[in-house]
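Hi,

Here is the structure you were waiting for. Please open it next to this message; my notes follow below.

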Amino acid sequence: MASETEMNLISPPRLIPALSAGFNTVASRIYLILLPVVLDVFLWLGPQFRIDKLFSPLLTDYANTIARFASAEIAAQINELTALWIESLKDYNLASTLQTFPIGLPSLMANRPSGLTPFGSPAVLEINSFSAAFGWWLLFLIAGFVLGCLFLNTLARSSGETPVKFEFKAFAIQIALCMVFILTLLASVILISLPASVIVSLLAMVNASLGSIALLAVLFLMIWLFIPLIFTPHSIFLGQRSLLVSALTSVRLVRNHLTGSSLFLVAAILIAQGMDVLWKIPPNHSWLTLVGILGHAFIYTSLLTASFIYFRSGLRWLMELIKQQSARMVQA
C-alpha cells in the first residue's frame, strides 16, 4: 500500500501547465523571438538569391533528352513536370536554406514565394555558376544550423527556474552532437527508404492496393522508430554530452509516457499550423506581413520553450520513477 501511494505521488509531465509556462516565459523575455524575426525580415526584405537561370536550361535539356526516347504520353508528363519545376524556381530564394530542419530557426517566409515588398521589387542576385550556387547553399546551410543551435541553446538556458549563463565550450559540443544526430537520422532514413521503396514498388506492380498497404506500413515503421527520438535535442541542449544517452533518455521518456508525449506533440503541431493560416493571410507587399512574422515567431518560440519545460518535468518524473522501481527491486 505504501509503495502504491509513493507511486501515485509521482507527477508525470502535463500538457496545459507546460504550454502555459512556455508562453509566459517568452512573454516575459520577449527578446527570445529575436533570431526568428531577424531571419524572416531578411528573407522578406533582403536580396533574393536566384538560381532559376542556372538550372532552367539544365531541366529543359533533360526533358528534351528523355522525350526523344519516351512515348508521347510519358514525354507530355515529363514536360509538364519540368514546366512546374521551372516555374517554382522563378520564385525560389536560395537564402531560404537558412531554415534548417529538424534543428533550426522557425521561419514564416522561407516557404513563401518571393514577390513585391512594401519597398517594391526586391534586389535580385543571380547566381550564374554551379560552384557559386553550391558555395552559397553550403554557407546558408551552415549559418542556419549554427543559428538554430544558438536559438535552442538560448531557450534551454531560459526555460529553467533560474537562467543559465552562456558557455562557448558547451555550445560547441552541442553543435557537434546535433550534427552527428542529424547525420545519423539521415543515414537511417536512407537505409530504411531504399529497400522499402523497392519492396513497395514491386508490390504496387503486382497490385495497387498491396503497394498502398506496404507504403502505410513503411510510414508507421518510420513513425514508430523516429518519434521517440523527438526529445534528443532537448537532452543535448540541457547539458547531456553523450548522443547515445540523450537518445535513450528521449526514447525512455516517450515510451513510459506515450499518451502524454503524443498529446503534447499533436497539440503543438495543431497550434502552430492553425496559427500559420492567420499569419500567411497578408501579402508580401503589405506591412501587415510584419505582424505575421512577429506572431509566428512568438508562437513557435513559446511552443519550443514549452517543449523544454515539458521535457524537464518529464525528466524529473522519469528519474523518480526509476528510483521507485530500484527501491522495489531492493525490497524484493
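Start with the surface. In this predicted model, Phe134, Trp137, Leu138, Leu141, Ile142 and Val146 make a nonpolar surface patch of about 500 Å². Valine 146 sits in helix 6, which covers residues 130–158. Its relative accessible area is 30%, so valine 146 is partly exposed.

Alanine 143 also belongs to helix 6. Alanine 143 is partly exposed too, at 28% relative accessibility. Its C-alpha atom lies 9.7 Å from that of glycine 104, and the two residues are 39 apart along the chain.

Now the aromatics. The structure has 12 aromatic pairs. One of them joins phenylalanine 55 and phenylalanine 130 edge-to-face, with 5.4 Å centre to centre and 85° between the planes. This pair links distant parts of the chain: phenylalanine 55 is in helix 4 (residues 52–69), phenylalanine 130 is in helix 6, and 75 residues separate them. Both rings belong to partly exposed residues: phenylalanine 55 has a relative accessible area of 27%, and phenylalanine 130 has 45%.

Phenylalanine 264 and tyrosine 310 also pair. Their ring centres are 4.6 Å apart and their planes meet at 25°, so this pair is stacked. It too links distant parts of the chain, from helix 11 (residues 258–279) with phenylalanine 264 to helix 12 (residues 288–331) with tyrosine 310, 46 residues apart.

Are these two residues buried or exposed? Phenylalanine 264 is buried, at 5% relative accessible area. Tyrosine 310 is buried as well, at 1%. Both are part of one aromatic cluster, together with Phe231 and Phe311.

Best wishes

Conventions:
Residues are numbered from 1 along each chain as its sequence is written. This is a predicted model: local features need pLDDT of at least 70, side-chain atom pairs count only at pLDDT 80 or more; totals for chains, interfaces and linings use all residues. Side-chain values use heavy atoms; hydrogens and water are left out. Patches are made of residues with over 30% relative accessible area and no salt bridge: like charges are joined within 9 Å, nonpolar side chains (Val, Leu, Ile, Met, Phe, Trp, Tyr) within 5 Å. Accessible areas come from the Shrake-Rupley method with a 1.4 Å probe; for residues, only the protein chains shown count as cover. A salt bridge is a side-chain nitrogen of Lys or Arg within 4 Å of a carboxyl oxygen of Asp or Glu. Helices (H or I, at least four residues) and strands (E, at least two) are DSSP runs, numbered from the N terminus. Buried means under 20% relative accessible area, exposed over 50%, partly exposed in between (1.4 Å probe, protein chains only). Rings of Phe, Tyr and Trp (its six-membered ring) pair if their centres lie within 6.5 Å; planes under 30 degrees apart count as stacked, over 60 as edge-to-face and the rest as tilted.
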